[in-house]
Amino acid sequence: MATEATEIRGVGHSVKRKEDDRFIRGKGTYVDDVKLPGMLHMAILRSPFAHARIRSIDTSKAGALPGVIAVVTGELMAQHKLAWMPTISADTQAVLATDKVRFQGQEVAAVVAEDPYIAKDALELIEVDYEPLEAVVTPQRALEAGAPVIRDDKEDQKDNHIFHWESGDKEATDKAFAQADLTVSLDTFYPRSHPAPLETCGCVADLNPATGQATIWMTSQAPHAIRTVFALVAGLPEENIRIISPDIGGGFGNKVPVYPGYVVATAASLLLGRPVKWIEERSENLISTGFARDFYMKGELALKRDGTMLGLRASLLADEGAFHADAQPSKLKVGLFHIVTGSYDFPAAHVVADGAYTNKAPGGVAYRCSFRVTEASYLIERLVQNAAYELGMDPADLRLKNFIKPDQFPYRSATGFVYDSGDYHRAAKLAMEKLGYDELRKEQERARDEGKLLGVGMASFTEIVGAGPSADYDILGLKMNDGAELRIHPTGKAILKLSVQTQGQGHETTFAQIVAEELGIQPEDVKVMHGDTDNTPYGLGTYASRSTPVSGAATAMVSRKVREKATKIAAHLLEVAEEDVQFEKGRFFVKGAPDRAKTIQDVAFAAYTNFPAGTEAGLEGVHYYDPPNLTFPFGTYLVAVEVDPDTGEWNVRRVVAVDDCGVRINPMIVEGQLHGGLTEGFGIAKMQLITFDEAGNCIGSNFMDYLLPTAWETPRFELGETVTPSPHHPIGAKGVGESATVGSPAAFVNAVIDALAHLGVRNIDMPLTSSKVWEAIQQSSAGAPAG
Amino acid sequence: MQITVTVNGTERTADVEPRLLLVHLIREVFGLTGTHVGCDTTNCGACTVRLDGTPVKSCTLFGVQADGRSVTTVEGLATNGQLHPIQAAFKEEHGLQCGFCTPGMMLTGAALLEKTTDPTEDDVRWAISGNLCRCTGYMNIVKAIQAAGRAMQDEKAPEPAGAAS
Ligand code: FES
Ligand code: FES
């Protein structure tokens with residue numbers, strides 16, 4: 001019974017996405033599309049001040065407005081012990097402020113009403129008497145003696161310092177610097193940015209007073225972890241909490257934390273016995289939820305005259321906002337920043353980091369990034385480029401000279417990571433070839449002679465994703481493992497349930513392809529379910545590019561478990577010993593007699609109708625994957641720009657991005673991820689900025705002030721690939737969702753700096769607006785009176 | 001206020017507050033949730049619908065302004081169960097990821113293609129510059145709109161030679 005040789009569209013196929021069918025018809029179900037009988041609407045009153053004591057809150061007028069069902073204040077929440085909640089960094093955060101407000105936009109009260117318009121009307125009727133206090137808006141000020149203590153709610157907190165953290169070997173690094181012919185340093189600021197997914201955050205909380213069942217639809221990238229946090233915070237029995245992350249309109253790290261709005265809506269539903277919906281407005285999203293970066297960085301390189309890198313120092317100051325809500329593995333206070341040695345073979349490195357409270361929204365989410373690797377990659381790639389100028393070397397040559405060599409993998413870095421695999425030279429050379437690097441350098445020379453500014457920026461990043469091995473990686477004690485559950489039905493169709501949650505990455509397609517690869521069931525016959533905690537195995541969720549490295553591996557492993565049992569059944573059907581059965585995609589055959597075969601579908605049917613004696617019925621399994629190591633995607637990005645010397649305006653001429661993310665499950669989806677990441681990197685480099693005035697007012701609280709790239713200014717991208725499989729991942733994949741956001745900002749900035757390097761310009765802090773570039777030109781040698 | 005709006009070809013009446021935004025009329029009153037809200041400041045285009053054929057941002061109009069007019073939403077793109085070429089092209093070219101911007105993008109794109117089925121890349125980028133996408137980097141959206149244009153040419157001109165290409 002030989003099968004037709006239809007090709008199984010497993011790993012490596014650009015399968016069209018299964019999820020698209022509902023989205024192109026407008027039939028997705030995002031949280032705001034959830035409508036329940038009797039549902040109420042909640043709106044949140046936010047603080048206009050960055051730092052102020054609350055003298056009193058008068059809700060009587062708001063409460064009297066027809067249509068208002070309840071006004072919730074911190075005092076009411078406190079009665080239920082819910083005025084404060086834990087953050088994912090094991091700090092505490094006010095749910096609704098009781099004593100003080102600590103950032104502009106902080107949650108002060110909430111109105112629950114029959115109609116969302118009425119809820120908004122009522123907000124204006126709440127009277128809050130504030131006593132403004134000095135706002136601390138920079139971490140430098142925060143750490144000065146005599147600065148107002150922001151977290152006076154915490155008994156043992158006497159200043160604004162949160163943590164001190166070190167990595168690497170100080171002594172060895174000092175020695176390296178002592179031996180250096182040359183040191184190069186860079187002081188730079190990675191400003192606050194906001195992931196701004198197109199859909200804001202929100203939830204619908206439905207607590208059934210009769211059954212005690214709590215069902216909460218929530219824009220969450222990590223529904224299981226949130227369920228556990230809710231159980232711990234609200235004291236609800238975990239089996240009665242069901243978190244459903246429906247279709248999510250983009251996440252990028254913004255939808256990892258627990259926000260006060262979720263907690264208040266849930267409490268309101270509990271108190272009122274009716275479903276409560278809360279959907280953020282855009283300005284609320286921008287001023288109060290998960291910021292990223294806000295990192296002051298100083299880097300120093302120790303070099304030999306010939307360009308050999310000897311050592312690296314980095315010192316960092318993180319602005320964490322008013323509550324320490326970094327999304328980080330517990331033990332790592334600045335995440336994976338110590339990957340800062342990047343793609344280079346450094347004998348020694350040392351990283352020192354401090355974090356401070358300020359009167360700003362809590363920050364530090366990994367915006368399309370694996371826990372601060374973006375900041376690290378930016379620092380090292382900027383430093384290397386600058387070092388090349390000081391050495392009089394071509395920046396590409398300096399990189400090629402110092403890259404970790406292919407035969408050094410697995411490579412132990414100076415800060416203790418073990419890089420799984422890589423071939424940095426190959427990726428860099430491919431990118432240079434695609435761009436026509438050498439010709440462009442010549443053109444740059446000619447352009448300079450004509451007074452034109454042309455620049456080439458390079459970034460050869462190493463990413464680190466897939467957190468992580470249980471020995472070192474947990475969030476609030478929960479090990480960062482993820483699960484997959486696979487069930488094959490009698491007709492040979494399958495359901496795969498995942499602990500990770502898609503926000504556009506295409507899991508419903510790519511994970512089905514992994515099953516297809518391992519079992520030979522076509523991807524369209526594998527339904528992928530995710531996001532509903534009642535119906536999926538436990539796991540920590542989708543961020544830090546962990547879906548493929550962790551849950552993808554779990555999917556491969558569970559498929560293999562199922563295959564083992566299927567082999568037994570096949571042996572029974574073929575009437576041979578198990579050892580004599582061989583598997584190839586989709587069929588089991590007798591070794592040496594490939595015509596004697598059973599398809600996976602035959603076997604699935606037999607698993608319910610004709611299984612061997614002593615075997616359980618059914619064909620299913622579950623696997624929780626504990627990754628043995630992280631994965632280390634890498635690549636080289638090259639950007640060519642033209643800068644207008646009179647206006648500082650810069651335009652991108654070419655972007656060449658060569659990525660190596662190991663085995664590509666679905667090349668079409670991988671490229672889509674890269675396009676998106678490159679665009680965000682471009683936005684961060686050029687326009688995205690959330691800043692604050694001296695009073696702590698957030699500038700950039702809407703899409704008119706917080707500029708995001710549109711199709712018009714977004715560059716065209718030219719992609720290239722190399723494939724260096726991860727040796728420890730079951731299918732050799734490494735993860736890709738964030739590589740481009742991690743690697744590209746430095747490439748864009750380096751390109752502009754490169755255009756101005758001969759004028760002595762070495763740094764412009766992002767975003768590189770025309771005015772900042774113009775200023776840098778003015779202050780450079782070109783801006784001297786004669787010029 | 002009593003209003004009558006033709007929504008995706010069907011006449012609907014509703015009694016609404018004058019301040020009700022068109023996007024809420026569509027989503028909450030008519031129950032068509034394919035139209036999304038991404039910003040509240042007319043910047044993102046997630047709420048784009050066509051009002052008498054013109055793409056508009058429905059978060060910036062009141063429902064009552066649609067009285068006596070016709071509105072097309074993403075749910076009205078397909079006809080007789082047949083996908084609009086732009087819907088097929090968005091899937092084919094991977095022009096969407098999270099799908100949140102997609103309805104607005106497709107409606108803006110469809111309006112462009114009614115003017116020309118052969119837009120240049122710049123034409124497309126300019127036309128959709130009022131629609132933000134945070135996921136795709138626009139590359140494949142542009143491709144999808146151009147591919148849909150080609151499909152529409154093929155559909156329109158089956159026999160005359162040389163119409164395609
Ligand atoms: S919601 Fe209408 S433009 Fe953004
Ligand atoms: S596909 Fe997510 S915003 Fe465009």
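Me: How many salt bridges does the rule count over all chains?

Reply: The count comes to 68 over all chains. A salt bridge here is a side-chain nitrogen of Lys or Arg within 4 Å of a carboxyl oxygen of Asp or Glu. The model is predicted: local features need pLDDT of at least 70, side-chain atom pairs count only at pLDDT 80 or more, and totals for chains, interfaces and linings use all residues. Residues are numbered from 1 along each chain as its sequence is written, chains are lettered from A and ligands numbered from 1 in the order in which they are written, and side-chain values use heavy atoms, with hydrogens and water left out.

Me: Why are A:Arg227 and A:Glu238 called a salt bridge?

Reply: Their side chains meet at 3.0 Å, N to O. The cut-off is 4 Å, so the pair qualifies.

Me: What does the pair of A:Arg227 and A:Glu238 tie together?

Reply: A:Arg227 lies in helix H7 (residues 223-234) of chain A, and A:Glu238 sits in the loop between H7 and strand E13 (241-244) of chain A, so the pair ties together parts 11 residues apart in sequence. Helices (H or I, at least four residues) and strands (E, at least two) are DSSP runs, numbered from the N terminus.

Me: How do you know which residues of chain B are in contact with chain A?

Reply: Contact means heavy atoms within 4.5 Å. By that test, 46 residues of chain B touch 54 residues of chain A.

Me: What area is buried between chain B and chain A?

Reply: About 4400 Å², with carbon and sulfur atoms giving 56%. Buried area is the accessible area (1.4 Å probe) that two parts lose on being put together, summed over both.

Me: What makes A:Asp121 and B:Arg19 a salt bridge?

Reply: Their closest N and O atoms are 2.8 Å apart. That is within 4 Å, so the rule accepts the pair. Across the interface of chain B and chain A the rule finds 9 salt bridges. It also finds 28 residue pairs in polar contact, both residues at pLDDT 80 or more. A polar contact is a pair of N or O atoms within 3.5 Å; within protein, one must be able to donate a hydrogen and the other to accept it, and residues adjacent in sequence count only if both atoms are side-chain atoms.

Me: Which elements give two or more residues to the side of chain B that touches chain A?

Reply: They are helix H1 (22-29), helix H2 (85-92), helix H4 (121-127) and helix H5 (139-156) of chain B. By class, that side has 20 nonpolar, 15 polar and 11 charged residues. Ala, Val, Leu, Ile, Met, Phe, Trp, Tyr, Cys and Pro count as nonpolar, Asp, Glu, Lys and Arg as charged, and the others, Gly among them, as polar.

Me: Why are strand E6 and strand E8 of chain A called edge strands?

Reply: The open sheet of 3 strands runs E6-E2-E8 in chain A, with antiparallel pairing. Strand E6 (100-101) and strand E8 (127-132) each pair on one side only.

Me: What makes strand E2 of chain A and E8(A) a pair?

Reply: Pairing takes at least two bridges found by DSSP. Strand E2 (residues 52-58) and E8(A) have 6, in the antiparallel sense, so they pair. In one of these, A:Ile54 has A:Tyr130 of E8(A) as its bridge partner.

Me: How is chain A divided into domains?

Reply: Bounds come from an automatic or database domain assignment. Domain 1 is 20-27 + 482-625, domain 2 is 36-133 + 199-249 + 255-288, and domain 3 is 292-406 + 422-467 + 629-781.

Me: How many salt bridges are counted between domain 1 of chain A and domain 3 of chain A?

Reply: The count is 0. The rule does find 5 residue pairs in polar contact there, both at pLDDT 80 or more. Helix H14 (507-519) and helix H15 (547-574) of chain A each supply at least two residues of the domain 1 side. H15(A) gives the largest share, 8 residues. The two domains bury about 1400 Å² between them, 63% of it on carbon and sulfur atoms.

Me: Why are B:Glu114 and B:Arg50 called a salt bridge?

Reply: Their closest N and O atoms are 2.8 Å apart. The limit is 4 Å, so the name fits. The rule finds 1 salt bridge across the interface of domain 1 and domain 2 of chain B.

Me: Which three residues supply 44% of the area that domain 1 of chain B buries against domain 2 of chain B?

Reply: Domain 1 (2-76) and domain 2 (85-155) of chain B bury about 1100 Å² between them. B:His36, B:Arg50 and B:Val74 supply that 44%, more than any other three residues.
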